[in-house]
Amino acid sequence: MLATTDLWFRYQDTQVLKGLTLDFSTHAVTGLVGANGCGKSTLFMNLSGLLRPQQGAVMWQGKPLDYSKRGLLALRQQVATVFQDPDQQIFYTDIDSDIAFSLRNLGVAEDEIARRVDDALTLVDAQRFRHQPIQSLSHGQKKRVAIAGALVLRAKYLLLDEPTAGLDPSGRSQMIDIIKRIVAQGNHVVISSHDIDLIYEVSDAVYVLHHGEVLANGEPGDVFTRTALIEAAGLTQPWLVKLHAQLGFPLCKTEEEFFRRMQKRHIKEAS
(Lines give C-alpha, C1' and ligand atoms only; values in the text may rest on other atoms or scores of the structure.)
Protein backbone atom coordinates (compact mmCIF):
# COMPACT_ATOMS: atom_id res chain seq x y z
CA MET A 1 0.00 0.00 0.00
CA LEU A 2 1.33 3.39 -1.02
CA ALA A 3 -0.56 6.44 0.20
CA THR A 4 -0.24 9.80 1.92
CA THR A 5 -2.15 11.14 4.88
CA ASP A 6 -2.49 14.89 5.57
CA LEU A 7 0.89 15.46 3.91
CA TRP A 8 2.36 18.97 4.05
CA PHE A 9 5.64 20.06 2.52
CA ARG A 10 7.30 23.43 2.10
CA TYR A 11 10.56 24.79 0.72
CA GLN A 12 11.73 27.41 3.23
CA ASP A 13 8.82 29.88 3.26
CA THR A 14 6.94 28.41 0.28
CA GLN A 15 4.20 25.91 1.12
CA VAL A 16 4.01 23.47 -1.81
CA LEU A 17 1.87 20.56 -0.60
CA LYS A 18 -1.11 21.24 1.62
CA GLY A 19 -2.68 18.37 3.51
CA LEU A 20 -2.68 15.74 0.76
CA THR A 21 -4.45 12.48 1.55
CA LEU A 22 -4.04 10.21 -1.46
CA ASP A 23 -4.26 6.48 -2.07
CA PHE A 24 -2.34 4.86 -4.92
CA SER A 25 -3.11 1.26 -4.02
CA THR A 26 -6.79 1.09 -4.98
CA HIS A 27 -6.34 1.37 -8.75
CA ALA A 28 -3.83 -0.07 -11.19
CA VAL A 29 -3.07 3.29 -12.85
CA THR A 30 -3.46 6.59 -11.03
CA GLY A 31 -3.00 9.89 -12.85
CA LEU A 32 -1.78 13.17 -11.36
CA VAL A 33 -2.59 16.34 -13.28
CA GLY A 34 -2.26 20.03 -12.59
CA ALA A 35 -0.74 23.23 -13.92
CA ASN A 36 2.96 23.99 -13.46
CA GLY A 37 3.76 24.59 -9.80
CA CYS A 38 0.86 22.53 -8.46
CA GLY A 39 3.23 20.20 -6.57
CA LYS A 40 3.34 17.06 -8.71
CA SER A 41 7.14 16.73 -8.79
CA THR A 42 7.43 17.52 -5.08
CA LEU A 43 4.84 14.86 -4.33
CA PHE A 44 6.83 12.29 -6.32
CA MET A 45 9.98 13.13 -4.35
CA ASN A 46 8.06 12.66 -1.11
CA LEU A 47 6.65 9.32 -2.27
CA SER A 48 10.14 8.06 -3.07
CA GLY A 49 11.63 9.31 0.20
CA LEU A 50 13.87 11.90 -1.45
CA LEU A 51 12.03 14.57 0.55
CA ARG A 52 10.47 14.29 4.00
CA PRO A 53 7.23 16.10 4.85
CA GLN A 54 7.11 18.59 7.71
CA GLN A 55 3.64 17.32 8.67
CA GLY A 56 1.60 14.23 7.85
CA ALA A 57 3.10 11.10 6.37
CA VAL A 58 3.83 8.95 3.38
CA MET A 59 2.25 5.60 4.20
CA TRP A 60 3.96 2.44 3.04
CA GLN A 61 2.53 -1.00 3.77
CA GLY A 62 0.09 0.57 6.23
CA LYS A 63 2.75 2.39 8.29
CA PRO A 64 4.45 5.80 8.13
CA LEU A 65 7.53 5.63 5.94
CA ASP A 66 10.74 4.64 7.74
CA TYR A 67 13.43 7.16 6.73
CA SER A 68 16.33 5.10 8.03
CA LYS A 69 18.84 3.86 5.45
CA ARG A 70 17.36 0.38 5.70
CA GLY A 71 13.79 1.67 5.44
CA LEU A 72 14.48 3.76 2.34
CA LEU A 73 16.36 0.91 0.67
CA ALA A 74 13.38 -1.38 1.25
CA LEU A 75 10.99 1.26 -0.13
CA ARG A 76 13.01 1.91 -3.29
CA GLN A 77 13.07 -1.77 -4.14
CA GLN A 78 9.27 -1.66 -4.27
CA VAL A 79 8.58 1.96 -5.33
CA ALA A 80 10.68 2.98 -8.34
CA THR A 81 10.69 6.43 -9.94
CA VAL A 82 11.40 7.17 -13.59
CA PHE A 83 12.15 10.86 -14.09
CA GLN A 84 11.13 12.98 -17.07
CA ASP A 85 14.72 13.28 -18.31
CA PRO A 86 16.20 9.78 -18.70
CA ASP A 87 19.73 11.20 -18.72
CA GLN A 88 19.27 11.83 -14.98
CA GLN A 89 19.11 8.05 -14.42
CA ILE A 90 21.43 6.58 -17.02
CA PHE A 91 25.11 6.47 -16.04
CA TYR A 92 26.71 3.72 -18.11
CA THR A 93 27.53 3.73 -21.82
CA ASP A 94 26.12 0.23 -22.40
CA ILE A 95 22.51 -0.68 -21.72
CA ASP A 96 22.92 -4.01 -19.91
CA SER A 97 25.38 -2.60 -17.37
CA ASP A 98 23.15 0.37 -16.65
CA ILE A 99 20.04 -1.73 -16.07
CA ALA A 100 21.95 -4.25 -13.94
CA PHE A 101 23.57 -1.57 -11.75
CA SER A 102 20.98 -1.56 -8.94
CA LEU A 103 20.84 -5.36 -8.78
CA ARG A 104 24.62 -5.65 -8.49
CA ASN A 105 24.54 -3.13 -5.65
CA LEU A 106 22.03 -5.39 -3.90
CA GLY A 107 24.25 -8.44 -4.37
CA VAL A 108 21.90 -10.32 -6.67
CA ALA A 109 23.46 -13.36 -8.35
CA GLU A 110 24.69 -12.78 -11.90
CA ASP A 111 22.47 -15.45 -13.48
CA GLU A 112 19.42 -13.86 -11.84
CA ILE A 113 20.57 -10.42 -13.01
CA ALA A 114 20.84 -11.70 -16.58
CA ARG A 115 17.28 -13.08 -16.45
CA ARG A 116 15.83 -9.90 -15.00
CA VAL A 117 17.63 -7.62 -17.44
CA ASP A 118 16.46 -9.72 -20.37
CA ASP A 119 12.85 -9.72 -19.10
CA ALA A 120 12.87 -5.95 -18.53
CA LEU A 121 14.27 -5.20 -21.98
CA THR A 122 11.63 -7.41 -23.56
CA LEU A 123 8.86 -5.69 -21.62
CA VAL A 124 9.89 -2.23 -22.86
CA ASP A 125 10.57 -3.34 -26.47
CA ALA A 126 14.28 -2.58 -26.23
CA GLN A 127 15.82 -5.85 -27.40
CA ARG A 128 16.42 -4.59 -30.95
CA PHE A 129 18.70 -1.75 -29.77
CA ARG A 130 20.08 -3.53 -26.70
CA HIS A 131 23.67 -3.57 -27.93
CA GLN A 132 23.83 0.00 -29.18
CA PRO A 133 25.80 2.53 -27.10
CA ILE A 134 23.48 4.64 -24.97
CA GLN A 135 24.74 7.91 -26.42
CA SER A 136 23.40 6.82 -29.84
CA LEU A 137 19.85 6.23 -28.58
CA SER A 138 16.90 8.51 -29.21
CA HIS A 139 15.13 10.26 -26.35
CA GLY A 140 12.32 7.70 -26.46
CA GLN A 141 14.73 4.77 -26.43
CA LYS A 142 16.52 6.24 -23.42
CA LYS A 143 13.16 6.53 -21.64
CA ARG A 144 12.59 2.83 -22.22
CA VAL A 145 16.04 2.00 -20.84
CA ALA A 146 15.29 4.09 -17.73
CA ILE A 147 12.01 2.23 -17.25
CA ALA A 148 13.77 -1.10 -17.68
CA GLY A 149 16.22 -0.03 -14.97
CA ALA A 150 13.27 0.38 -12.61
CA LEU A 151 11.54 -2.82 -13.69
CA VAL A 152 14.51 -5.08 -12.89
CA LEU A 153 13.87 -4.36 -9.23
CA ARG A 154 10.42 -5.91 -9.68
CA ALA A 155 8.92 -2.94 -7.88
CA LYS A 156 5.20 -3.07 -7.21
CA TYR A 157 4.80 0.68 -7.78
CA LEU A 158 6.25 2.58 -10.70
CA LEU A 159 6.18 6.40 -10.56
CA LEU A 160 6.38 7.86 -14.08
CA ASP A 161 7.13 11.58 -14.41
CA GLU A 162 5.99 12.87 -17.84
CA PRO A 163 6.51 9.52 -19.61
CA THR A 164 5.43 10.84 -23.04
CA ALA A 165 7.29 14.18 -22.94
CA GLY A 166 9.49 14.59 -26.00
CA LEU A 167 8.09 11.54 -27.79
CA ASP A 168 6.71 11.49 -31.32
CA PRO A 169 3.29 9.88 -31.94
CA SER A 170 4.83 6.46 -32.52
CA GLY A 171 6.89 6.67 -29.33
CA ARG A 172 3.83 7.83 -27.40
CA SER A 173 1.84 4.80 -28.59
CA GLN A 174 4.69 2.51 -27.60
CA MET A 175 4.79 4.09 -24.14
CA ILE A 176 1.07 3.45 -23.68
CA ASP A 177 1.60 -0.18 -24.63
CA ILE A 178 4.48 -0.47 -22.14
CA ILE A 179 2.34 0.96 -19.34
CA LYS A 180 -0.39 -1.56 -20.13
CA ARG A 181 2.12 -4.43 -20.04
CA ILE A 182 3.47 -3.30 -16.68
CA VAL A 183 -0.04 -3.20 -15.25
CA ALA A 184 -0.85 -6.62 -16.74
CA GLN A 185 1.91 -8.05 -14.51
CA GLY A 186 -0.03 -6.93 -11.43
CA ASN A 187 1.88 -3.72 -10.72
CA HIS A 188 0.65 -0.22 -9.90
CA VAL A 189 1.62 2.81 -11.99
CA VAL A 190 1.36 6.44 -10.91
CA ILE A 191 1.69 8.93 -13.77
CA SER A 192 2.36 12.64 -13.40
CA SER A 193 1.83 14.34 -16.73
CA HIS A 194 0.69 17.37 -18.68
CA ASP A 195 -0.47 14.96 -21.38
CA ILE A 196 -4.16 15.10 -20.49
CA ASP A 197 -5.13 12.69 -23.27
CA LEU A 198 -2.66 10.12 -21.92
CA ILE A 199 -3.98 10.43 -18.37
CA TYR A 200 -7.56 10.11 -19.58
CA GLU A 201 -6.83 7.02 -21.68
CA VAL A 202 -4.67 4.93 -19.35
CA SER A 203 -5.72 5.97 -15.82
CA ASP A 204 -8.32 4.24 -13.69
CA ALA A 205 -8.41 7.17 -11.28
CA VAL A 206 -7.11 10.73 -11.37
CA TYR A 207 -6.20 13.42 -8.85
CA VAL A 208 -6.37 17.05 -9.96
CA LEU A 209 -3.89 19.18 -7.99
CA HIS A 210 -4.14 22.95 -7.69
CA HIS A 211 -1.69 25.01 -5.62
CA GLY A 212 -0.72 21.94 -3.61
CA GLU A 213 -4.25 20.80 -2.82
CA VAL A 214 -6.59 18.19 -4.29
CA LEU A 215 -9.16 20.02 -6.34
CA ALA A 216 -10.92 16.84 -7.47
CA ASN A 217 -10.44 13.10 -7.70
CA GLY A 218 -12.29 10.15 -9.13
CA GLU A 219 -12.70 8.23 -12.37
CA PRO A 220 -11.27 10.13 -15.36
CA GLY A 221 -14.62 10.27 -17.15
CA ASP A 222 -16.28 11.85 -14.13
CA VAL A 223 -13.48 14.31 -13.39
CA PHE A 224 -12.70 15.55 -16.89
CA THR A 225 -16.33 16.18 -17.85
CA ARG A 226 -16.46 18.88 -15.13
CA THR A 227 -15.56 21.71 -17.50
CA ALA A 228 -15.52 24.55 -14.97
CA LEU A 229 -13.34 22.58 -12.57
CA ILE A 230 -10.81 21.67 -15.25
CA GLU A 231 -10.57 25.30 -16.33
CA ALA A 232 -10.13 26.41 -12.70
CA ALA A 233 -7.19 24.01 -12.43
CA GLY A 234 -5.56 25.64 -15.46
CA LEU A 235 -6.06 22.56 -17.62
CA THR A 236 -7.87 21.62 -20.80
CA GLN A 237 -10.18 18.68 -21.31
CA PRO A 238 -9.04 15.60 -23.24
CA TRP A 239 -10.13 15.80 -26.88
CA LEU A 240 -12.49 12.83 -26.52
CA VAL A 241 -14.16 14.55 -23.57
CA LYS A 242 -14.47 17.78 -25.58
CA LEU A 243 -16.30 15.90 -28.34
CA HIS A 244 -18.68 14.57 -25.72
CA ALA A 245 -19.18 17.84 -23.85
CA GLN A 246 -19.41 20.22 -26.80
CA LEU A 247 -20.85 18.09 -29.60
CA GLY A 248 -22.78 15.42 -27.76
CA PHE A 249 -20.77 12.46 -29.03
CA PRO A 250 -20.57 9.34 -26.84
CA LEU A 251 -17.99 9.54 -24.07
CA CYS A 252 -15.24 7.13 -25.13
CA LYS A 253 -12.04 6.14 -23.38
CA THR A 254 -9.85 5.67 -26.45
CA GLU A 255 -9.64 6.87 -30.03
CA GLU A 256 -10.23 3.31 -31.23
CA GLU A 257 -13.42 3.03 -29.20
CA PHE A 258 -14.66 6.37 -30.54
CA PHE A 259 -14.21 5.48 -34.22
CA ARG A 260 -15.66 2.00 -33.68
CA ARG A 261 -18.81 3.48 -32.16
CA MET A 262 -19.03 6.12 -34.87
CA GLN A 263 -18.77 3.43 -37.53
CA LYS A 264 -21.54 1.42 -35.92
CA ARG A 265 -23.71 4.56 -35.72
CA HIS A 266 -23.06 5.32 -39.39
CA ILE A 267 -23.96 1.78 -40.44
CA LYS A 268 -27.12 1.88 -38.35
CA GLU A 269 -28.22 5.23 -39.80
CA ALA A 270 -27.50 4.08 -43.36
CA SER A 271 -29.51 0.86 -43.05
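How much space lies in the second largest pocket? The second largest pocket holds about 270 Å³ of space. This is a predicted model. The points below cover its pockets, its cavity, its two sheets and an aromatic pair that involves one strand of each sheet.

**The second largest pocket**

- The second largest pocket is lined by 14 residues, and those closest to its centre are Arg172, Ile176, Glu201, Glu255 and Glu256.
- Two or more lining residues come from each of helix H6 (169–184), helix H7 (196–202), helix H10 (239–247) and helix H11 (255–270).
- H6 gives the largest share of this lining, with five residues.
- By class, the lining of the second largest pocket has eight charged residues, five nonpolar and one polar.

**The largest pocket**

- The largest pocket contains about 680 Å³ of space.
- Its lining consists of 24 residues, and Arg76, Gln89, Ser102, Gly149 and Leu153 lie nearest the centre.
- Four elements each supply at least two residues of this lining: helix H2 (69–78), strand S6 (79–82), helix H3 (95–105) and helix H5 (139–151).
- The largest share of the lining of the largest pocket is the five residues from H3.
- The lining of the largest pocket has 14 nonpolar residues, eight polar and two charged.

**The cavity**

- Rolling a probe the size of a water molecule over the atoms shows where empty space is left.
- There is one cavity of 30 Å³ or more in the structure, and the volume of the largest cavity is about 40 Å³.
- The residues that line the largest cavity are Ala150, Leu151, Ala155, Lys156, Tyr157, Leu158, Ile182, Asn187 and His188.
- H5 and S7 each give at least two residues to this lining.
- Six of the lining residues of the largest cavity are nonpolar, two are polar and one is charged.

**The six-stranded sheet**

- Strands of a sheet pair through backbone hydrogen bonds, either parallel or antiparallel.
- An open sheet of six strands runs in the order S6-S7-S8-S3-S9-S10, with mixed pairing.
- S6 and strand S10 (213–218) are the edge strands and have a single partner strand each, so one side of each is left without a neighbour in the sheet.
- On average, neighbouring strands of this sheet are turned by 15 degrees against each other, direction ignored.
- S6 pairs with strand S7 (residues 157–161) in the parallel sense, over four bridges, and Val82 has Leu160 in S7 as its bridge partner.
- Helix H1 (residues 40–47) packs on this sheet and touches strand S3 (29–33), S6, S7, strand S8 (188–192) and strand S9 (205–210). The direction of H1 makes about 155 degrees with that of S7.
- H2 also packs on this sheet, where H2 touches S6 and S7. Its direction makes about 65 degrees with that of S6.

**The four-stranded sheet**

- Four strands form an open sheet in the order S2-S1-S4-S5, and the pairing is antiparallel.
- Strand S2 (14–23) and strand S5 (63–64) are at the edges with a single partner strand each, so one side of each is left without a neighbour in the sheet.
- S4 and S5 pair in the antiparallel sense over two bridges. Met59 stands opposite Pro64 in S5, and Trp60 stands opposite Lys63 in S5.
- H1 packs on this sheet too, touching strand S1 (2–11), S2 and S4. The direction of H1 makes about 120 degrees with that of S1.
- S4 and S5 form a hairpin with two residues between them. In the turn, Gln61 has a positive phi of about 55 degrees.
- S1 pairs with S4 in the antiparallel sense over five bridges, and Leu2 stands opposite Trp60 in S4.

**An aromatic pair**

- The structure contains eight aromatic pairs.
- One of them is formed by Trp60 and Tyr157 and is edge-to-face, with 5.8 Å centre to centre and 75 degrees between the planes.
- Trp60 belongs to strand S4 (residues 55–60) and Tyr157 to strand S7, so the pair ties together parts that are 97 residues apart in sequence.
- Tyr157 is also one of the residues that line the largest cavity.

Notes: Residues numbered from 1 in each chain as written. Predicted model: local features only at pLDDT ≥ 70, side-chain atom pairs only at ≥ 80, totals over all residues. Heavy atoms only, no water. 1 Å grid on protein atoms, 1.4 Å probe; cavity = no way out; pocket = protein on both sides within 12 Å on 5 of 7 lines; lining within 4 Å. Points joined across faces, edges and corners; volume = space filled by probe spheres on them. Nonpolar A, V, L, I, M, F, W, Y, C, P; charged D, E, K, R; others polar. Pairing = 2+ DSSP bridges. Axes fitted to C-alpha atoms, helices over the stretch in contact; angles between N-to-C directions. Contact = heavy atoms within 4.5 Å. Phe/Tyr/Trp six-rings, centres within 6.5 Å; stacked < 30°, edge-to-face > 60°.
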